[in-house]
Amino acid sequence: MSEKSSFDELRVKYKDVLSKAFSTNNIDLLDSFSKKANECDRKVAMDQAFRDKLLDLLSEASSILENYVNFCIESCRRLMITPTMPVVLLGDIFDALTLNKCEKLFTYVENGVNIWREDLFFVACKNNLLRMCNDLLRRLSRSQNTVFCGRILLFLAKFFPFSERSGLNIVSEFNLDNVTEFGGDISGTLKDALDEEMVVDDDKNKLNIDYNLYCRFWSLQEFFRSPNTCYNKIQWKTFVAHSGSVLSAFSSYKLEAIELQKSKLNRLKPVNDVEMEESKEQHYFAKFLTNQKLLELQLSDANFRRCVLIQFLILFQYLTTTVKFKLESQELKSDQSEWVKDTTNLVYKLLGETPPDGKRFVECVKSILKREEHWNNWKNDGCPEFQKPKPAVQTESIDEVRRVKKRRRPVGDIIKEYETQSKHFMGNNELTKLWNQCPDNLAACRTKERDFMPSLEYMLSGGTSSGSGGGWGWRALRLLARRSPHFFVHTNNPIGRLSDYLDDMVKRISREVAASATANTANGDPSAVEDKKPESQEEEMTEEQIETDLIKDGDTDIEQVPDSTDVNDEDKPTRTRLTMITDSQLDVLAAKLSDWKKLAAKLGYKPDEIEFFETENATDEARAKNMLKLWFDDDEDASVENLLYIMEGLELVDACEALRNAK
């Protein structure tokens, strides 16, 4: 008794503090007070205090109840109460309110679906939410509260994930409790009980509704309720006969005449604005009445006709679709399938003729049934969990990245990019660089520093011709014509390739220079080789520096951007390693290239390719090295000089210095 009394006292204290905190919207007051007790006692007492306080608020407006539930949710996030309390409070509120008030308050539950799906509430509250919704559905009438029932089911569909199997009709069971009862007085015709204003004068549109047609029409509901009865041979014949009578009645009783009759009546009878609005309002019935005297009126109702025709389509789809839980004997024969196909076309035709917007309505129905096929296939596969597809960049190989990289940019885009930098694009990197070095290019060409001729030994000492571009070969030929006795020599051996000829000339001149140096050394003049420098050493060094700036790193001649007349890649000569960056230079540059993404974007790599480099390499140094190596391998414009030019424009000073000083 002492423990119970102490708990009651604690609950009363918590209720008083809760009332004060809720009235002032000060949750900190409740939090500071609850910390005085241990966690177990605090949560139990606080849970009961929230439910006790709710009893005092049930007579208040819905907005106050919503604020109270929000206050409870915030208390859960501060770990003052158990996570199930907000849903428990909602369940108590729905139990105490009328259905009209419950329908208004349920909007709050729908809008808070993201709250209930939080990790804090989902696991703890999903069963309570399902129980609360089921209790509401038991109180509702499926024929009178159809919209509210649909809202509850849609909320559950949004709340539970696709992988949740508790709400699925996995084994394809039917609602066999949905029995349609019909019957009454037998009479030859039912037309006497109809409203005279609804009778159409045109003889072609008159339809005699006898008791036989009435019974056949409502007997079809038994087949719609339990489609498996159609696989019975006798039942199938009954279904075909009844379907033929009903569809024949629909075909002979056109609704266009009814619409014309209504328009005539509206023109003859004056109506006010209120009656006009009421006539435009469309009524929806979840369950139609089966009284004999109503059938002709029902056949004149577009919604009623559409409801019956859609039932036919749903039944036909089930009969012709592969369902995992069907028996082996439940399969249509060829003649039955042919009848279903023809009848389906007839049903779609009748739907298209049913006003208003018949053709549009048919397209909507086809889309819904097509989607239903996907869900049926998903259940046949065992309801696999839905997963987001993996990004495509993770499946791309290096070959794919190279293939994308080989696409050249349009010349127009390159010209626009240069114009934004107040520069000119000449189609060739060397010409572009020379054209943008000085505002007045003709004046720059007339300077005395450019009027010189380098020595033959210096020009050819940088390496073989195969290691340099076309610009170096052009200069080498001009220099050989001026200073080499081997250039104008008659020979019977034709030159196959210019690079082979220059290689041979470089080797020959190198042997002559080495032999001359050996002879001078043997004569006691080891400095004789150095005496072979030009007459003005200072002038020659200046010229060499200028020439080095112009043809640095072999002065690679970058090809112009190709047009549609360019030859294929296979016909172009293969670039050798000497025009590319060395491994030591690549290592030094990659270590200093901190902002490699900026350089990669400038080199033309797309975001997915940059992401590929990030995922394939662990460090930024390895990523930069992989990116640069791929660029030098694949891009025909790649050279050390071009790379320096690009990095200077990006203000990558440390990387430029590292590349210049590397050997």
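1. Helix α20, which covers residues 429-435, contains Leu431, and this is read from a predicted model. Leu431 is partly exposed, because its relative accessible area of 45% lies between the 20% below which a residue counts as buried and the 50% above which a residue counts as exposed.

2. Leu431 also belongs to a nonpolar patch on the surface, where Met426, Leu434 and Trp435 are the other members. Taken together, the four residues of this patch have about 340 Å² of accessible area.

3. Helix α4 is a second element worth inspecting, with 16 residues running from 62 to 77. From its first C-alpha to its last, α4 reaches 23 Å, which is close to the 22 Å expected at 1.5 Å a residue.

4. The buried residues of α4 include Leu65, Tyr68, Val69, Phe71 and Cys72, and Ile73, Ser75 and Cys76 are buried as well. When reading such a list, one may recall that an α-helix has 3.6 residues a turn, so residues three or four places apart point the same way.

5. Just after α4, the backbone at Leu79 deserves a look, since a positive phi of about 60 degrees is found there.

6. For the protein chain as a whole, the secondary structure comprises 31 helices and 0 strands, and 36% of the 663 residues count as buried. Where contacts link residues at least 6 apart in sequence, 72% of them join residues at least 24 apart. The chain exposes about 41,000 Å², of which carbon and sulfur atoms supply 51%.

Technical notes
Residues numbered from 1 in each chain as written. Predicted model: local features only at pLDDT ≥ 70, side-chain atom pairs only at ≥ 80, totals over all residues. Heavy atoms only, no water. Helix = DSSP H or I, 4+ residues; strand = E, 2+ residues; numbered from the N terminus. Expected span 1.5 Å × (residues − 1). Buried < 20%, exposed > 50% of the residue type's maximum accessible area, 1.4 Å probe, protein only. Patch = residues over 30% accessible without salt bridge, like charges linked within 9 Å, V, L, I, M, F, W, Y side chains within 5 Å. Areas by Shrake-Rupley, 256 points an atom, 1.4 Å probe, with all protein chains shown as cover. Salt bridge = Lys/Arg side-chain N within 4 Å of Asp/Glu carboxyl O. Contact = heavy atoms within 4.5 Å.
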